[in-house]
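Grab a pencil and take a look at the model below. We'll work through a few exercises together, one step at a time.

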Amino acid sequence: MSAPADWPDRLFATLKRADIRQVGYVPDAGHARLIDRCRADPHIRDVVLTTEEEGVALAAGAWLGGERAALLMQSSGLGNCVNMLSLARTCRFPLLMLITMRGEWEEFNPWQVPMGSIVDPVLKLCEAEVYRVRNADEVEGAAERAVQHVFGDERIAAVLLSQQLIGKKVWTK
Amino acid sequence: MATLLADRGDDLLVVPGLGSTTWDLAALGDDDRNFYLWGAMGGAAMIGLGLALAQPKRRVAVITGDGEMLMGMGSLATIGIQRPGNLAIVVFDNGVYGETGMQPSHTQSGVDLLAVAGACGIGPCLDVRDEAALRDLAVRLKGLRETLFARVLIAADEPPRVLPLRDGVALKDRFRAAIGLRP
């Protein structure tokens, strides 16, 4: 049994088993360890983005060229993606999104709440399958199901990593 | 477009931007290795990046307009870090939004996409202002070895449109099949 804090490593293991070769991300504290793991892997091209919608287009290009991609972001980033998700929906590009949640649990910053509170309905309106995770022991199973949905059926799926799982952001030290 | 893609070779994959560059590419004759965009404004360069990284043995040309590039200007910063040697970004710059009624774009008022690309670390960056420079760009495209950016100054015009296939799933599947991937 691995320690609860190992969930980013288990997400990474899932990405490796799924043969993910490109990982797009906007730097995010919740994904810090997963980003480090991807950056350190010689078989994964880590692509730091200026905005999350770039990652939707990157993943489409990767699939056109025969590679699998994943997109890491925080809940606020989903809002930046909405029109570009039309690309994935119209062409049925596989799109795997791993989203760390903000604005829902012990959130100190009220500016995170408006987008965080509409992540679920936005994803559903965009025809994405949503896998919500609250406990560390659910992470791997949810990610595996999302991978199957995305690449098995050329669809969009998002794994939502709850703020309870990630932990409270420390603002003052 | 015709000068750039004359004798394009088997290994050149083309991603045009939505609007005129998609119509212009279609006007040259359809090709399964074209991934026409009817939407996804601002996404052409990043589709090109993902494709170039996935297919290092093929050349990828993103050929888009100034308005489409302006919407995805951040992607020049992203590409400036990755710099795959098989990716060319070519912007046909007419200084207007041709699809929406010829409203002036930022480039008409001095925003310099060539300087932006250069400042993002993309090189070489070519300023194409005449036929000779265009032919030179076509030659460089053939022997593409490093990430290249070119701004091609073109006249603002509205020739009759040639509209390609617009079924996104069909475009994707035939593109993948053309490079030997399972649809």
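Here come some ground rules, then three exercises with solutions.

This is a predicted model, where local features need pLDDT of at least 70, side-chain atom pairs count only at pLDDT 80 or more, and totals for chains, interfaces and linings use all residues. Residues are numbered from 1 along each chain as its sequence is written, while chains are lettered from A and ligands numbered from 1 in the order in which they are written.

**Exercise 1. Find the order of the strands in the open sheet of chain B, and say which ones stand at the edges**.

Step 1: Helices (H or I, at least four residues) and strands (E, at least two) are DSSP runs, numbered from the N terminus. Two strands pair if DSSP finds at least two bridges between them.

Step 2: Follow the pairing across the 5 strands, and you get β1-β2-β3-β7-β6 in chain B, with parallel pairing.

Step 3: β1 (12–16) and β6 (125–128) of chain B each have a single partner strand, so they're at the edges, with one side lacking a neighbour in the sheet. On average, neighbouring strands here are turned by 15° against each other, direction ignored; axes are lines fitted to C-alpha atoms, for helices over the stretch in contact, and angles run from 0 to 180 degrees between N-to-C directions.

Step 4: Zoom in on one pair: β2 (residues 59–65) and β3 (residues 87–93) of chain B share 6 bridges, and B:A61 sits opposite B:A88.

**Exercise 2. Work out which strands of chain B helix α3 lies across**.

Step 1: Contact requires C-beta atoms, placed from the backbone, within 7 Å.

Step 2: Helix α3 (residues 44–54) of chain B lies across β1, β2 and β3 of chain B, running at about 180° to β2(B).

**Exercise 3. Decide whether the residues of strand β6 in chain A are buried or exposed, then find its partners**.

Step 1: A residue is buried if 20 or more other C-beta atoms lie within 10 Å of its own, exposed if 12 or fewer, and partly exposed in between, with C-beta atoms placed from the backbone.

Step 2: In β6 (residues 156–161) of chain A, 6 of its 6 residues are buried. A:I156, A:A158 and A:L160 point one way, and A:A157, A:V159 and A:L161 the other.

Step 3: β4 (residues 95–100) of chain A pairs with β6(A) in the parallel sense over 6 bridges, with A:M97 partnering A:A158. β5 (residues 128–133) of chain A also runs parallel to β6(A), joined by 6 bridges, and A:E129 stands opposite A:A157.

Key
Contact = placed C-beta atoms within 7 Å.
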